[in-house]
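This report describes one protein model, beginning with a single residue and its surroundings and then turning to the chain as a whole.

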Amino acid sequence: MTEQNAIANYYKYTGKKTFNFTTALVDMDGVLFDSMKNHTRAWVKLMKKNGIKCTRDEFYMYEGMTGRDIIKMKFKDGAGKNITDDEAQALYKVKTRYFTELGDVEMIDGTLSLLKALKAAGIKCVLVTGSGTQSMLDRVDADYEGIFDEQRVTAADVKRGKPNPEPYLKAMAKVNAQPNECIVLENAPLGVQAGHTAGCFTVGVTTGPIAEKDMYKAGADIVYPSMAAMEEALPALIEALKTQK
């Protein structure tokens, strides 16, 4: 799909007539950092330690949910247990320890360059993540210095994580932006669904094993195969957002 067609389709289903691109709402795991491979390993270890059957692949599909919600869902479905918030928090700390023990993860190739290009174009960037992993959150300002200006929404800020639109609605409120001023940048279906439901122009990037078709099915307006591909297309995307009516 071309950028022009994607924008035209966005206008059609939202009823919007203009788009004033001011803000990029950016996911963390799988967008800023190549961290999902370690997250999935840590989740599987936690679940198996508690007698719950699972696969690594399924956790790619849960990406965007808060850790609390994943734990409650898996313990309910896999063990018939209703986990309290306090119990979920304790289990999440264990999962975080498993994740940390796996070592540092790399930045996603091309993301820093893309975000610098957005900033150079005058676009505000807001971090919007379902993560509560402090070691990763601490890396954002160091590895992406000057990009987010401390503007972020994390698992600690919401009652309902992705696919609920609450994280993106809170992010827009934080910077006083409207849906037709924002693009969402996501790499997983639940995050795409949240951005789409919030009314934003939602970009999917296939940095992991999830197929392009699953991004479109979740509501992505356009999908790129890599961050580098999105950066290459950025001038065309910005021009289409400015001129398409």
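## Gly161 and its surroundings

In this predicted model, the residues that Gly161 touches, leaving aside those up to four places away in sequence, are Gly64, Thr66, Asp69 and Pro167. Gly161 itself sits in the loop that runs between β3 (152–153) and α8 (166–174). Its relative accessible area is 6%, and because buried means under 20%, Gly161 counts as buried. Gly110 offers a second point of reference: Gly161 and Gly110 are 51 residues apart in sequence, and their C-alpha atoms are 27 Å apart in space.

## Backbone features around α8

The loop between β3 and α8 also holds Pro163. A cis peptide bond joins Lys162 and Pro163, with omega at about 15 degrees. On the other side of α8, Asn176 is placed in the loop between α8 and β4 (182–186). Asn176 has a phi near 55 degrees, which is a positive value in a residue other than glycine. Most peptide bonds are trans, and most residues other than glycine have a negative phi.

Is Asn176 buried or exposed? Asn176 has a relative accessible area of 67%, and because exposed means over 50%, Asn176 is classed as exposed. The two residues with stated accessibility are set out below.

| Residue | Relative accessible area | Class |
|---|---|---|
| Gly161 | 6% | buried |
| Asn176 | 67% | exposed |

## The protein as a whole

The protein contains 11 helices and 6 strands. Along the principal axes, its C-alpha trace spans about 55 × 35 × 30 Å. How does the radius of gyration relate to that of a compact globule? For 245 residues, a compact globule would have a radius of gyration near 18 Å, and the protein has 18 Å, so the two agree.

Of the 245 residues, 54% are buried. The exposed surface of the protein is about 11,000 Å², and carbon and sulfur atoms supply 48% of it. Among contacts between residues at least 6 apart in sequence, 67% join residues at least 24 apart.

Charged side chains complete the account. The protein carries 32 positive and 32 negative side chains, and the centres of these two sets lie 6 Å apart.

Methods:
Residues are numbered from 1 along each chain as its sequence is written. This is a predicted model: local features need pLDDT of at least 70, side-chain atom pairs count only at pLDDT 80 or more; totals for chains, interfaces and linings use all residues. Side-chain values use heavy atoms; hydrogens and water are left out. Helices (H or I, at least four residues) and strands (E, at least two) are DSSP runs, numbered from the N terminus. Buried means under 20% relative accessible area, exposed over 50%, partly exposed in between (1.4 Å probe, protein chains only). Contact means heavy atoms within 4.5 Å. The radius of gyration is taken over C-alpha atoms; the globule rule is 2.2 Å times the number of residues to the power 0.38. Accessible areas come from the Shrake-Rupley method with a 1.4 Å probe; for residues, only the protein chains shown count as cover. Lys and Arg count as positive and Asp and Glu as negative; His and the chain ends are not counted. The place of a charge is taken as NZ of Lys, CZ of Arg, CG of Asp or CD of Glu.
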